[in-house]
Each structure stands twice: as C-alpha cells, then as structure tokens.
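Dear colleague,

I am passing on the structure below, and I would be glad if you could look through it alongside the notes that follow.

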Amino acid sequence: MGFFGTKKDVPPPHPRREPRFDLPVTPEAIAGVFDKCADFNRRTLYLNNDPSRQVEMMYIAGQVRNERACDYVLRPLTQNEALSACPDMDAAFDLMAKGGLYSLSVQTRDTADQVIFDLIDGSVALFFPGKAKVLTLSAGTEEKRSVSDPENEPDVKGARDSFVESLRTNTSLVRRRFRAPELKVEEQIVGRQSLTPVDVLYVEGIADPSLAEQVKARLEKIDIDALLMTGSLEQYITEESRTAFPLTVYTERPDRFAVGLAEGRVGVLVDGIPMGWLFPATLDSFFRTGQDRTDSWAVAAALSVLRYVCMLITLFLPGLYAAAVLFHPELIPVKLSLSIIAAKADVPFSTLTEVLVMLLAFEVLQEAGLRLPSSIGQTVSILGGLVVGSAAVEAKLVSPAVLVVVAIAGIAGYTAPSQDFAGALRIWRFILSIAGGVLGLAGLALGGAVLIYRLARMETFGVAYLTPFASNAGKQREGHTVLREPLPKVKTRPDYLNTKNRRNQG
Amino acid sequence: MRRLAAMVMTLLLLTGCRGREPDELALVRVLGVDGRGPVTLTAVCGGDDQGNGSRGTSTGADFLSALEALPWANEESREELALTSVSYLIVGRDANLEAVLLAVLRDQELAGLSTVWLADQGAAALLRNCEDPAAALALLARQGVKAPTAARALAALWDDGQVELPVLDAGENGMECRGVGSWR
C-alpha cells in the first residue's frame, strides 16, 4: 500500500474505435444508438402535407432550441410549396441543402458518426427514404451564463467582461478585441467520452509557428475520458508533472488573454471552462496582473517588486525565524531576543513545532474558510485568526513572535496574483521551515538551493521556467523583467517567445 | 522515490546538530571584570525589563579562562552561554583593561561594539547592588552618558596612552554616573 494507494499493473489502453459507430446511415440504426435516451426524439413529416413524400426528423430535446427547429425547419418543410413542386425527393433534398430550409449551417452527412455527433451538438437530422445521405441543420440552443464581471481578476481601469462556459462566446470575446484576421482559431476535440472542443488561438505572423504546433501536438496527445476540469488540461499539456509549481497561466479576462496573444503567446480555450490559458508560462507571468498595464509604470514597477519581496517573505520567513532563534540568536536584535526568550519560557513546545503547528493551523483556517459559504467562512476566519490566535498566546501554547511571523508569511503569500503559484509556495514554506529548524541557515540555504535547482530544471514549451531570471542572459529586453518601463519604451516583444515580428510598436 | 528517501535519511542523520531553544540560552547583557590575576567575572543575563535576570560569577587565571568557567559554560548546564548580546562591559579599577579589551575583541562571540564603563568600587560589588544593570545602563546612555565601545577604548589606549571612561557608582536607580575617569 503506497501513499497514493495500492500500485497495480495498469492494463494497456483500449484503442480508439474509428469509426465509433460503424452503422448504416438509416433512421433505425441511428435511433438504435440513442436507445434508452429519453431526450431523443424522432418523428415522421410529410413534405407540404403530401403523405407520399415522407421525411424522418430526429433531434435531441434540450440540445435544440424549439423555436428554431419549428420556424426554420418544420414550417418550411411542411408549408414551402417550392419543396412540393420538386419532381422527386432527390431534387427536394438538393433544394433543402441549398436554402430551402432556413438554417445557417446545413451539412450533408454520409456516415453514422457525423450524424450522431451533429445531433448531440444540437442539430436536427432529416432522413430521406432510400437515400444514404442525411441533412443536418444546426438549431442548437444558446442557453448559457451571461458574460459577467471578472470575479478573481478585478481591474479598476479595465474591461468588465470575463470568459464564460461557452467556447464560441469566448472566441468572440477575444475576436472583438483582436480584429486582425491573422488571429487563427484552430479547433481540436479532446476526451473520448466528453468530446470537448478545444480551440488553439494564435496570431499568425507574430506567434512562433513551432510553439503553436507544439501546443496542438500536446493537445492531440491528450487521450483521456473527459476534459471537464481545468486540471485535465493543465496536467496533461505540460511536460513536468512532478512539481507543485504551475506550468500554465490562466486568465478569466479576455483583454489579458488578447494582450498575451499580441505578445506572441499561444492561447487555449476549452468549451465548458470559463477561462483561457496562455503558453508558455514563465515565472514572471505568475507575478503580473492585468492592472500592471493600466497603472502608471512607476506604480506597476513598485508593485511588481513588492510581489517578489512578498514571495521571498512567505517562502523564507518562518524558516528564517526558526533558524535564527534556534541556531543563530546573534542575528536577532538583543531586545527582540530578550522578548522572545521571555515569551518562550512558558511555552511547552519547541520552536520548530510551534512554527509548523501554526503554519498548519493557518492552512486549516484557510481551507475551512474556502469550503464554507462565504458568510460562515468569514466568521471562521475571524474566530480562528483572532480569537483562537490570541487565546493560544494567552494560554502560553504559542509564542506571540511565532504567531506574528506565521501571519506575516501567510498574508504575504496572498499578494501573489496566481493562487496556483501561492499554493506551491505554501508547500515549499513547510519544507524550508523544517530545513531551517533542523539545520539552521545552512539548511535554509540548502533548501533554497534545492528549490532553485528544481525550478531551473523546468521548461514550458522549450522556454526556461525561470525566465527572465535564468535565460537569455544579457539579451532580455527592457520592460519584460521585474521592473516595467513606460509602455512607449517597451518596443519589442519578449525575446524568449521567439516571435516572428519582434517589434510591437512604431 | 529512492532519492527522496535518501534525502530524508540524510536530514534525519543531520538532526544531530540540534539548535538551542531560546529559553535555553543564557543571554549575557552585562559583563563585569575585576582583578588582573586571578580575574573575576560577573555576568548578568536578561534584564532590560525583560526578566530572566540570572547572574553568575567565575574566577580564572585570565579573562578567557574565567569566561570558560562561567556557570552556563559547562556541558551539564541546561542553559547555554551566549555572549553575542553583551552590550555593557564594566571594568573594576584593579583589572588589566588592555588585556580585557584585547580578549573581548579577539573573542568570536563578544562584540567589539559593547560599551566600556568603569566601576571604582569594583564591578562585582556594583552589579550585586543593582537589580537590573542592563536597564540602568541603558537609561544612563539615553540620558547622554557617552561610553566608548571596546574597539574605540583600545584604540584610544594605544594611540593616546589613556582612555576616558564614565565612572559608575551605586545610586537610586541601582547605578549612577559619577563623571568621567581617565584610565592610563
């Protein structure tokens, strides 16, 4: 029994069946596929009330919008005199395919797979007696959540819309901002059972073509049952799986997504997931916010520095405290040292235990606050943070200094714009605290070196994860590092994106 | 997995180098020196209104051997002697100031930034009568009494052949400055 469960031999993968349904294109065969499906519907229609001219109509309720099916298919089918005037059913079929019915998308299908998936996508299928071809007319419902404010990436001076669960709405949100016809939207289907449409977006002439090809190839390789959650994409599309650090940058803001495309990145949008991913993801991309481009360059640069400093604080402060108190008391100012000694004298636990328990308590409080409804979550946070915290200090269960150190480290972690990245920092905070508490500053340095080593080994789509700190040495252009320069001075795209067109302004 | 196990094992082995909990430290704030052979040291820990005002005395042939004889310096002691926070060095008239200052500056833990004061009646006697010497000396420093650091005092002694030190005496607050005395 291992940590992740019992390890057993994994059976070989089932080969994908191609075609999925090797059936004749007949109403009976298709109806057989949807046997025991209560939402499947089938009915026989007469062309212009002529019983000698029958058409079988199929659709899946809920996938089709009733008004569209009635107004654009049923009504002309039964009342259009031009159809009844056709000499035979072949002519009627041609007329329907060429505009006799009023759907924006009319397809002539000759395989069972095509017909079945069109039905699932919200089309109405028309079968003609004795004909091996089927007409499918798009009449899908467009029920979806309306475009709303970005909740997780607010921007005072930015746009107020965010991605929704509908892929086509999301591509339109991007295209409305990026009107260049060079914006390419290539679609792939991922997931054996979910058959989720995934769009790869890039700007031809700017994005590195090999990067776009790599993204498409990785998507092609994803062979899973269902792509329904963000993790299904993030963990399969990246090459490094044994790391806590995120290797993908996501955003719910179409404007930030479009800026990424203009920079030369490749974007991915997935049907059913209200966010977009940008590739490649490098360390600096987790410290940028959409607001960085709307703020003054000086403010944006100062905030950027603050975020990096907070990253170091959240990562190293508890470990540094444990190391200084246990191994290097000379590092601590005398008065603070005396205060720590006085407080520690009544606490029964070791300093390292105190630090680890408080870090753990912080995580528990955070997790409890997240899982509960927001109103109760806030109460839990207040009760846990203030009442229990101060009670623990008064009961001499924990030193006030440890409480302050853990609280500062925890709050500093919240300044990271990417909570995925902050999550990885939290895991490493534990490791570095143990290293500092066990080996002192040497342990902290060792832990830091291991962390940097691990980060330096990682790449995303051929770009070093530590970019711009550890790659393109000496070549990095201004404005793409920690400090942002005034936008008019940032005349080039980031070097590491290897864009075809380096200049981004006149 | 093997590498991870090896790392964990290494860390566990290295846990032998255990740190000291803060309450196990005897943080000496004031060090009194009397005599030139034998040398008597009076160490006052904590203080400065922070509690933990434990004291200890030791005698040795010279400054360093007296230092090693302080009660917290032996291995059986629950507390570990920490000299990194010595802020005040009180020297009796009978001490060998040059030897003491040299020893202080050569010691890895004792900081050359600790200030040097003179006790006419002897450092041990002065400290015995004062409840919180660190707080009393800090108060004197805040009141404008200037005491040279160990490094400056030794430099003055070598360059000028004498050094001016504030002279301490027992007073209302445990200690008071009675002026400046010259040490030749």
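**Chain B, the domains of chain A and the cavities**

Of the 184 residues of chain B, 51% count as buried; please bear in mind throughout that this is a predicted model. The accessible surface of chain B comes to about 9300 Å², and carbon and sulfur atoms account for 51% of that surface. Chain B contains 6 helices and 8 strands, which follow one another from the N terminus in the order α-β-β-β-α-β-β-α-β-α-α-α-β-β. Where contacts in chain B link residues at least 6 apart in sequence, 62% of them join residues at least 24 apart.

For chain A, the domain assignment gives domain 1 (27-138), domain 2 (167-281) and domain 3 (297-463), with the C-alpha centres of domain 1 and domain 2 of chain A lying 34 Å apart.

The structure holds 2 cavities of 30 Å³ or more. The largest cavity encloses about 40 Å³, and its lining draws on both chains, with B:Pro22 and B:Leu25 beside chain A residues including A:Val325 and A:Pro329. Helix H11 (residues 334-344) of chain A gives the most to this lining, with 3 residues, and the lining as a whole divides into 7 nonpolar residues, 1 polar and no charged.

The second largest cavity, of about 30 Å³, is lined by A:Gln366, A:Gly410, A:Gly413, A:Tyr414, A:Ala422, A:Arg426 and A:Arg429. Helix H14 (400-413) and helix H15 (419-457) of chain A each give two or more residues to that lining, the largest share, 3 residues, coming from H15(A). Its residues divide into 2 nonpolar, 3 polar and 2 charged.

With best regards

How values were computed:
Residues are numbered from 1 along each chain as its sequence is written. Chains are lettered from A and ligands numbered from 1 in the order in which they are written. This is a predicted model: local features need pLDDT of at least 70, side-chain atom pairs count only at pLDDT 80 or more; totals for chains, interfaces and linings use all residues. Side-chain values use heavy atoms; hydrogens and water are left out. Helices (H or I, at least four residues) and strands (E, at least two) are DSSP runs, numbered from the N terminus. Buried means under 20% relative accessible area, exposed over 50%, partly exposed in between (1.4 Å probe, protein chains only). Contact means heavy atoms within 4.5 Å. Accessible areas come from the Shrake-Rupley method with a 1.4 Å probe; for residues, only the protein chains shown count as cover. Domain bounds come from an automatic or database domain assignment. On a 1 Å grid over the protein atoms alone, a cavity is a set of points where a 1.4 Å probe fits but cannot get out, and a pocket is an open set with protein on both sides within 12 Å along at least five of seven lines; lining residues have an atom within 4 Å of a point. Grid points are joined across faces, edges and corners, and a volume is the space filled by probe spheres set on the points. Ala, Val, Leu, Ile, Met, Phe, Trp, Tyr, Cys and Pro count as nonpolar, Asp, Glu, Lys and Arg as charged, and the others, Gly among them, as polar.
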